[in-house]
Amino acid sequence: MAATLIKNGRIVTAVDDYTADILVAEGKIRTIGEDIQVGPDVDVHDAQGLLVLPGGVDVHTHLDWEFGPSRTVDTFETGTKAAAYGGTTTVIDFCNQPRGQSPLAGLEEWHVRRATACVDVGAHMIMLDVNDQSLADMKTLIHREGVSTFKLFMAYPGVLMLDDGALFKAMRLAGANGGMTCVHAENGAVIQVLIEEALAQGHTAPKYHSVTRPSILEGEATHRAIRLAELAEAPLYIVHLSAGEALAAVTEARDRGIRVHAETCPHYLFLTDEEYLRPGFDAAKFVMTPPLRDHNHQAHLWRGLKTDDVQVVSTDHCPFCFNAEPYGMKFSKQQGRDDFSKIPNGAPGLETRLPLFFDGAVNQHGMSINRFVEIVSTTPAKLFGLFPRKGTIAVGSDGDIVLFDPKEQWTIRAAEQHSRVDYALFEGRPVTGRVKKVFLRGQCIVADQIWHGRAGMGQYLSRGEAGKS
Ligand SMILES: [Zn+2]
């Protein structure tokens, strides 16, 4: 593979900010210095006037994923291509333990699907059955397969939910073996009562998805998960935190030195539950879990990002089309046209995470670019066992680099994006800051909106110890 030189850019990592050239060869950053001279066989890119950032790390995606009767519409090829266009070069995706089978069988099947990935991918394992055999398999996953994180659900009874005893056992096993559990914290049993009562009263519209999942139940489950992890002496990661009550539980625990980490997602930072007032079925586009909250919760999330009680922004990219055509009902929100509880929960976001969060955090909330990089790349790489291979620009790290124009203005349009999904949560939103070029292990895969990558070039990331930051 030819070497690549990126010249004259402003390199910003979680801690540095300086101008230099970067030479990448055989996929790794070999030299960082002033005025590096190279021969004619080197691919040279001028980054004058641009930010040079480590590739984004998105630790929460559901690609080609079965969820009850539904399936997400992006393949690994289309989902990771969208990721690349948005400056994300590492994705950690959720893989299911098949019901009644070993999680190792789920991983094997996931490897077949991920073979078309265009960026580097790792896997978290969703544990559905926690018993002696699957606990032993968790050890094998950590030590042999490079899968050091496990998703546990406190929601979706009968589909994904685990009881407290199972949560505790999985947390303890993971913690004792260098692994970490990632918990979806909502009280599923009480939510089920509220859903049944709403439907019995004839409330079938999408907005009842939000009404039946109140923030207090996210706060309760987050508190419970933290206490179980504390007893298990294991690190814990709260996925897609959306509620002030949940953040209060995380903050209280972190102040006591408990190893709990939290992520939030762009939709909780930039959208509110007013979207559910849209007429007709349009509000179904915003049916994700947890639901969008009101402005008060948003203020808490921004506070948490400032004080490091929220450490990661990931997408929870879980795309279902609004329309049933052309991919079919299985991939569409239309399954829930007459019953909000049948709307597949999830929304797209992989392609817009970096620019959207840059604009909101740096331009509008005064966040430093260093802190921005930390949240979208460095901390996720550290927590999920990929640092310093991923998450920074340093000699020896992978040459995953994004050239970013902090001044360019553009508008988010689903029609111009690369996911197979047929809508965008942020349709029509103007954004300042745009991805110009993206390098995966030194190879330029996106340049000025032109695709130079290929399906299958993404490598599997066998990950190390999780929960360190
Ligand atoms: Zn998710």
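Which residue in S18 is the bridge partner of valine 438? Let's start there, everyone. Before I answer, please keep in mind that this is a predicted model.

The partner is valine 446. That pair belongs to a bigger picture: strand S17, residues 430-440, and strand S18, residues 443-447, pair in the antiparallel sense, with four bridges between them. The two strands form a hairpin with two residues between them, and arginine 441 there has a positive phi near 45°.

Now follow the chain onward. S18 is also joined by two bridges to strand S19, residues 450-451, and again the strands run antiparallel. Here alanine 447 sits opposite isoleucine 450 of S19. This is another hairpin with two residues between the strands, and in its turn aspartate 448 has a positive phi of about 45°. How enclosed is S18 itself? Four of its five residues are buried, so the rest of the structure largely encloses this strand.

Let's turn to another strand, S11, which spans residues 149-153. Five of its five residues are buried. You can look at either face and find it covered: Thr149, Lys151 and Phe153 are buried on one side, while Phe150 and Leu152 are buried on the other. S11 pairs with strand S10, residues 120-126, in the parallel sense over two bridges. If you want to find one of the pairs on your screen, isoleucine 126 has lysine 151 as its bridge partner in S11.

Next, my favourite residue to point at: glutamate 186. You will find it in the loop between strand S12 (180-184) and helix H5 (188-200). Is glutamate 186 buried or exposed? Its relative accessible area is 1%, and buried means under 20%, so glutamate 186 counts as buried. What does its side chain touch? One polar contact goes to the side chain of histidine 184, at 2.9 Å. Another goes to the side chain of arginine 213, also at 2.9 Å. Beyond its neighbours within four places in sequence, glutamate 186 is in contact with a longer list of residues, including Met154, Ile191, Leu217, Thr289 and Arg293.

Last stop, two helices. The axes of H2 (residues 103-114) and H3 (residues 132-143) come within 9 Å and cross at roughly 45°. The two helices are therefore oblique to each other. Sorted by class, the residues in this contact are four nonpolar, two polar and one charged. From H2 we have Pro103, Leu104 and Leu107, and they meet Ser134, Asp137, Thr140 and Leu141 in H3.

Thanks for listening, and do have a look at these places for yourselves!

Terms used
Residues are numbered from 1 along each chain as its sequence is written. This is a predicted model: local features need pLDDT of at least 70, side-chain atom pairs count only at pLDDT 80 or more; totals for chains, interfaces and linings use all residues. Side-chain values use heavy atoms; hydrogens and water are left out. Axes are lines fitted to C-alpha atoms, for helices over the stretch in contact, and angles run from 0 to 180 degrees between N-to-C directions. Angles under 35 degrees count as roughly parallel, over 145 as roughly antiparallel, 65 to 115 as roughly perpendicular and the rest as oblique. Contact means heavy atoms within 4.5 Å. Ala, Val, Leu, Ile, Met, Phe, Trp, Tyr, Cys and Pro count as nonpolar, Asp, Glu, Lys and Arg as charged, and the others, Gly among them, as polar. Buried means under 20% relative accessible area, exposed over 50%, partly exposed in between (1.4 Å probe, protein chains only). A polar contact is a pair of N or O atoms within 3.5 Å; within protein, one must be able to donate a hydrogen and the other to accept it, and residues adjacent in sequence count only if both atoms are side-chain atoms. Two strands pair if DSSP finds at least two bridges between them.
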